[in-house]
Amino acid sequence: MKTVNNHELVKNYIDRFALSRYLSPILLENLQLKQLGPGEYLVAQGGSLNHLYLLVMGKLQVENYQKNGSCAVFSIERAFSVIGDLELFLDNHIGTVSTVTAITKVDILEISLSKIEQYAFNDPAFLSFICIQLSKKLYASTQLLTNATLPALTKVRKYLSVRAETEGSVIHLEKRDSIAALLGISTRQLNRILKDLSELNIIHFKNKTIRILNTKYLSEIEAKDFL
């Protein structure tokens with residue numbers, strides 16, 4: 001991870017995501033712009049956290065490793081997203097909950113936790129901002145639990161439908177094994193379902209790009225699809 005001294009770019013990110021609504025002037029002044037390349041680690045599970053991170057460009061994979069060596073992908077974060085908000089309210093000895101890795105080139109705004117403790121823990125605007133971010137993550141984790149028992153095809157249909165709602169008809173996929181882990185299916189199942197949907201002209205699939213051709217099919221989940 002490298003530091004980028006580009007005050008104009010920092011200001012552009014502050015304006016784009018309206019950060020002045022949530023962060024006090026002293027916190028805005030202390031923002032540091034960091035960049036990661038694909039595959040670089042931002043946070044290691046169990047390590048100490050000294051900063052709060054605001055994802056303003058690119059994609060991050062959030063995953064958790066179990067004692068038996070298995071790995072569960074919690075989410076694929078896109079701008080705008082906060083990393084480290086959960087740990088703000090945990091005991092320091094617990095350490096970070098997840099490992100966070102850059103999937104693409106990533107721009108991050110970094111804030112020292114010492115500055116947050118000094119200037120933000122009694123700031124209603126900042127605390128409201130953190131509550132909103134935590135609520136979004138709680139909702140996303142609830143959806144994952146709800147989807148856990150669904151058939152693989154239904155999971156993929158729902159996933160593509162949600163992506164299409166937020167990104168439009170053209171979706172640029174991350175690594176397929178990451179998506180499969182997120183959905184709780186095998187990479188082989190995911191590849192087969194994408195191939196089947198392509199043959200049915202529901203999607204057009206080439207390399208890492210999917211063009212949605214039939215949004216209605218993806219979004220209309222019937223009762224029989226849950227069996």
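**A three-stranded sheet and its helical neighbours**

Along strand β11, the side chains take turns: Ile203 and Phe205 face one way and are buried, while His204 and Lys206 face the other way and are not. This pattern comes from a predicted model, and it offers a convenient way into the part of the fold described here.

Strand β11 belongs to an open sheet of 3 strands, arranged in the order β10-β12-β11 with antiparallel pairing. Strands β10 (170-172) and β11 (203-206) occupy the edges, and each has a single partner strand, so one side of each is left without a neighbour in the sheet. On average, and ignoring direction, neighbouring strands of this sheet are turned by 15° against each other. Helix α5 (residues 152-167) packs on the sheet and touches β10, β11 and β12, its direction making about 110° with that of β10.

The pairings can be followed strand by strand. As general background, the strands of a sheet pair through backbone hydrogen bonds, in either a parallel or an antiparallel manner. Here, β10 and β12 (residues 209-212) run antiparallel and are joined by 3 bridges; within this pair, Ile171 stands opposite Ile210 of β12. On the other side, β11 and β12 are paired in the antiparallel sense over 4 bridges, and Lys206 has Thr209 in β12 as its bridge partner. Strands β11 and β12 form a hairpin with 2 residues between them, and Asn207 in the turn has a positive phi of about 55°.

Helix α5 also has a helical partner. Two packed helices are described by the angle between their axes and the distance between the axes. For α5 and α6, the axes come within 10 Å and cross at roughly 110°, which makes α5 roughly perpendicular to α6. The crossing of these two helices is right-handed. At the contact, Lys155, Val156 and Tyr159 of α5 meet Ile179, Leu182 and Leu183 of α6. Helix α6 (residues 176-183) has Ser178, Ile179, Ala180, Leu182 and Leu183 as its buried residues. Gly184 follows α6 and has a positive phi, near 75°.

A few backbone details elsewhere deserve a friendly pointer. Most residues other than glycine have a negative phi, and most peptide bonds are trans. Asn201, in the loop between α7 (187-199) and β11, has a positive phi near 60° although this residue is not glycine. With a relative accessibility of 55%, Asn201 counts as exposed, because the cut-off for that class is over 50%. Ala18 likewise has a positive phi, near 50°, and lies in the loop between α1 (7-16) and α2 (25-29). Its relative accessibility of 25% places Ala18 among the partly exposed residues. The peptide bond from Ala79 to Phe80 is cis, with omega near 5°, and Phe80 is found in the loop between β6 (71-78) and β7 (81-83).

Stepping back to the whole chain, the model contains 8 helices and 12 strands. Of the 227 residues in the protein chain, 42% are buried. Among contacts between residues at least 6 apart in sequence, 72% join residues at least 24 apart. The accessible surface comes to about 12,600 Å², with 53% of this area belonging to carbon and sulfur atoms.

Conventions:
Residues numbered from 1 in each chain as written. Predicted model: local features only at pLDDT ≥ 70, side-chain atom pairs only at ≥ 80, totals over all residues. Heavy atoms only, no water. Buried < 20%, exposed > 50% of the residue type's maximum accessible area, 1.4 Å probe, protein only. Contact = heavy atoms within 4.5 Å. Areas by Shrake-Rupley, 256 points an atom, 1.4 Å probe, with all protein chains shown as cover. Pairing = 2+ DSSP bridges. Axes fitted to C-alpha atoms, helices over the stretch in contact; angles between N-to-C directions. Parallel < 35°, antiparallel > 145°, perpendicular 65-115°, else oblique. Left-handed = near helix turned anticlockwise from the far one by under 90°.
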